[in-house]
Amino acid sequence: MTAGTRVPRRLPKRSLVALGILVAVAIPFLTPSSYIHNVLILTFLLGILGSGWNVMSGFTGYVSLGHSVFIGIGAYTAGILAGQWGVSPFVVAPLGGVAAALLALLLGWATRRTRGVAFVIVSYAMLELLGLIVRNWSSLTGGSQGLLMPLPDWDVRFHNWPFYYALLALLLLSVAMTAAIRRSKLGLGLVAIRDDEDKAAGIGVVTPVYKSLAFMASAVLVGVAGAVYGYYVSFLTVSTMFDIVLSMQVVLAVLLGGRATVWGPVLGAFIVVPLAEVTNTSIGGVDAGAFRLIMFGGLLLLVTLALPRGIIPSVSRLLEQRRRGETSSLTGARLVETTLPVAPVSERVAVGSTEMLRVEDVAVQFGGVKALDGASLVVPAGSITALIGPNGSGKTTLFNVIDGTYSPVRGDVVLAGKSLAKLDRTGRAFAGIGRTYQLPRLFDSLTVLENVAAVNSSFKLRRLVHSAVSGAEAARATELLEFVGLGEYVQAHATDLSYGQRKLVELAQMLMLDPAVILLDEPAAGINPTLLRRLAALIESLNATGRTFVIVEHDMHFVLSLADQATVLAHGKVIASGEPAAVSTDPAVLEAYLGDDFVLEPTTIGTGS
Ligand code: ADP
Ligand code: MG
């Protein structure tokens with residue numbers, strides 16, 4: 001992949017876009033056919049709607065089946081205000097966008113705890129509900145009589161051109177917005193949310209803010225376009241403006257063109273609208289509706305089966321494969337010794353005999369299961385605490401309570417003297433709690449570098465418009481990846497990694513957060529002996545810089561040789577706590593967990609279990 005092969009590939013794309021824009025601008029002059037103008041106007045509208053849908057559903061992963069609600073709200077807002085104020089709908093079209101953005105914000109707030117299928121249903125219900133309100137509020141909206149827009153006030157020589165160019169401009173603006181979001185910190189956070197929203201929250205992505213911004217961005221230009229479109233059709237009715245068919249077509253268009261790409265929605269619109277027009281004119285009669293339904297349903301099925309990623313991603317993958325040849329080989333991790341790239345913990349927390357983390361009498365219940373039943377834990381600053389116990393004893397649940405994933409029915413978590421009770425997951429990440437998962441959770445759409453660079457250790461709104469990965473962040477992330485021995489994998493995709501490598505990337509990710517307390521959930525499980533020794537060395541060197549660890553692990557030789565103290569859980573209760581040597585010979589611990597024949601050999605890290 002040299003610069004020489006790259007440059008010629010970029011040029012055609014740019015010139016293609018420029019040529020496309022030129023043709024689109026010239027068409028009204030080239031052909032007087034109002035049929036063609038009309039088809040293009042509808043194509044632009046679907047392209048704008050698709051770009052908006054793409055930001056919410058393609059990037060963020062919240063699939064909307066009612067996106068045309070934003071067209072309806074934009075059109076009716078402009079229609080009503082234009083009528084009342086006696087101005088051109090073009091003048092009030094931006095207010096249609098504002099109304100749509102506010103509605104999107106409301107949708108985001110109402111669904112802040114809704115995910116997956118439930119969100120799909122809510123988005124559809126929103127379309128129906130708004131349609132119902134508009135239909136019944138007849139004093140304002142004309143109800144089922146419809147709402148007449150003012151007539152165009154320009155010279156007839158200009159035909160439909162103002163609509164055409166307004167929608168073309170909005171389409172280009174939508175594409176530019178999509179491209180900007182994709183390149184930004186906001187876009188990186190949105191993809192992280194789509195891949196794993198809880199994990200994203202845990203690495204400092206303030207998910208409510210990201211989602212609200214994305215939802216508003218996905219609606220605002222659609223609202224403006226709705227106002228223009230309403231003016232174009234000149235007569236607003238609920239069924240044409242809050243159109244469920246359009247809401248379906250947009251899904252088809254974006255999936256066809258390529259979800260989460262910049263041009264996919266536009267390409268999709270240019271396929272779907274002409275196709276719909278051709279079938280409209282060629283298939284007439286009473287069955288036309290049914291035919292179209294079958295055709296679009298069939299097409300959707302075909303796309304999902306044959307081109308699950310859409311046209312643009314499939315083509316670009318093909319091109320990339322051809323460019324790279326068949327040389328994509330990722331070998332095992334090469335362990336490069338690097339110096340510790342982590343600065344000592346900041347002054348805010350003094351290292352020594354002071355207490356860093358305290359868990360007080362925590363209880364968590366799942367139905368009839370008491371996962372934690374009054375568990376307590378005190379972790380001194382700068383120490384390594386082993387948290388051990390049989391499967392199902394509540395170790396992971398305790399981590400989930402500490403990092404704010406679960407709120408306990410009673411008890412408290414205190415970090416450096418301050419209760420964390422009021423902080424959510426992201427707040428706790430910012431406060432200094434970092435954790436890894438028993439099964440590593442990476443963002444699979446992102447590269448290894450992006451996975452690490454997606455971490456934020458604080459929140460600043462204006463940083464969201466910055467580029468996704470800044471030079472400094474890339475340098476830092478690379479350093480940390482080299483530190484865990486994965487320097488060669490910086491540009492690899494997360495999905496290309498082995499299980500053990502994923503665990504190490506998650507460790508680097510967590511170090512990017514620069515937490516004061518590091519919670520490791522079974523870090524040694526599934527890691528080969530060489531990596532295990534390296535992991536032990538990593539933990540020791542990080543600990544030497546003052547970082548506090550709590551490590552859940554079944555490999556006793558590994559964890560007890562590192563630990564300053566050990567706490568044993570069984571059935572959600574602490575059954576022993578103290579020095580590793582004392583705990584490992586405690587009769588209650590032998591009985592509940594280790595077994596009578598257990599002998600601790602602290603010198604042989606990485607050979608146990
Ligand atoms: P450990 O990590 O020590 O193996 P866990 O903390 O994962 O144990 O689980 C403790 C108990 O709580 C187990 O009985 C487990 O089945 C139950 N549990 C944990 N998480 C959930 C959950 N989200 N829903 C229902 N039960 C759960
Ligand atoms: Mg567990």
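This is a guided tour of a predicted model, moving from the whole chain to its two ligands and then to two smaller sites.

**The whole chain**

Begin with the full chain in cartoon view, where 24 helices and twelve strands can be traced, and turn the model until the C-alpha trace shows its spans along the principal axes, about 95 × 60 × 45 Å. If you colour the 609 residues by accessibility, 51% of them count as buried. With a surface switched on, the accessible area of the chain comes to about 27,400 Å², and carbon and sulfur atoms account for 62% of that area. A contact map, should your viewer offer one, adds a further point: among contacts between residues at least 6 apart in sequence, 77% join residues at least 24 apart.

**The magnesium ion**

Next select ligand 2, the magnesium ion, and display its protein donors, which are OG1 of Thr396 and OE1 of Gln438, at 2.0 to 2.2 Å from the ion. These two residues come from distant parts of the chain, 42 residues apart: Thr396 belongs to helix α16, residues 395-402, while Gln438 sits in the loop between β8 (433-435) and α18 (448-453). Are these donors buried or exposed? Neither term applies, because Thr396 has a relative accessible area of 26% and is therefore partly exposed, and Gln438, at 31% relative accessibility, also counts as partly exposed.

**The shell around ligand 1**

Keep Thr396 selected and add ligand 1, since Thr396 is also one of the residues around that ligand. A polar side-chain atom of Thr396 lies 2.7 Å from an oxygen atom of ligand 1, and a polar side-chain atom of Thr397 lies 2.5 Å from an oxygen atom of the ligand. From Ser393 it is a polar backbone atom that approaches, with an oxygen atom of ligand 1 at 3.2 Å. Taken alone, ligand 1 exposes 550 Å², of which the protein buries 63%.

Which elements give two or more residues to this shell? They are β4, residues 369-380, and α16, with α16 providing the largest share, three residues. To see the rest of the surroundings, select the remaining residues around ligand 1, including Phe366, Val369, Ala371, Pro390, Asn391 and Tyr406. The shell can then be coloured by class, which gives five nonpolar, six polar and one charged residues.

**Gly72 in helix α3**

Leave the ligands and go to helix α3, residues 69-85, where Gly72 is found. Gly72 is buried because its relative accessible area is 0%, so a surface view is best made transparent before you look for this residue. Leaving aside residues up to four places away in sequence, Gly72 touches Met241 and Phe242. A distance drawn from the C-alpha atom of Gly72 to that of Gly96 should read 9.2 Å, although the two glycines are 24 residues apart along the chain.

**Thr237 in the loop before α11**

For the last stop, select Thr237, which is found in the loop between β2 (235-236) and α11 (238-241). Show the side chains of Thr237 and Thr240 together, as they make a polar contact of 2.8 Å with each other. Then add Tyr76 and Gly146, which Thr237 touches when residues up to four places away in sequence are not counted. Tyr76 leads back to the previous stop, for helix α3 covers residues 69-85.

How values were computed. Residues are numbered from 1 along each chain as its sequence is written. Chains are lettered from A and ligands numbered from 1 in the order in which they are written. This is a predicted model: local features need pLDDT of at least 70, side-chain atom pairs count only at pLDDT 80 or more; totals for chains, interfaces and linings use all residues. Side-chain values use heavy atoms; hydrogens and water are left out. Donors are N, O and S atoms within 2.8 Å of the metal (3.2 Å for Na, K and Ca); water is not among the atoms, so sites may look incomplete. Helices (H or I, at least four residues) and strands (E, at least two) are DSSP runs, numbered from the N terminus. Buried means under 20% relative accessible area, exposed over 50%, partly exposed in between (1.4 Å probe, protein chains only). A residue is near a molecule or strand if one of its heavy atoms lies within 4 Å of it. A polar contact is a pair of N or O atoms within 3.5 Å; within protein, one must be able to donate a hydrogen and the other to accept it, and residues adjacent in sequence count only if both atoms are side-chain atoms. Accessible areas come from the Shrake-Rupley method with a 1.4 Å probe; for residues, only the protein chains shown count as cover. Ala, Val, Leu, Ile, Met, Phe, Trp, Tyr, Cys and Pro count as nonpolar, Asp, Glu, Lys and Arg as charged, and the others, Gly among them, as polar. Contact means heavy atoms within 4.5 Å.
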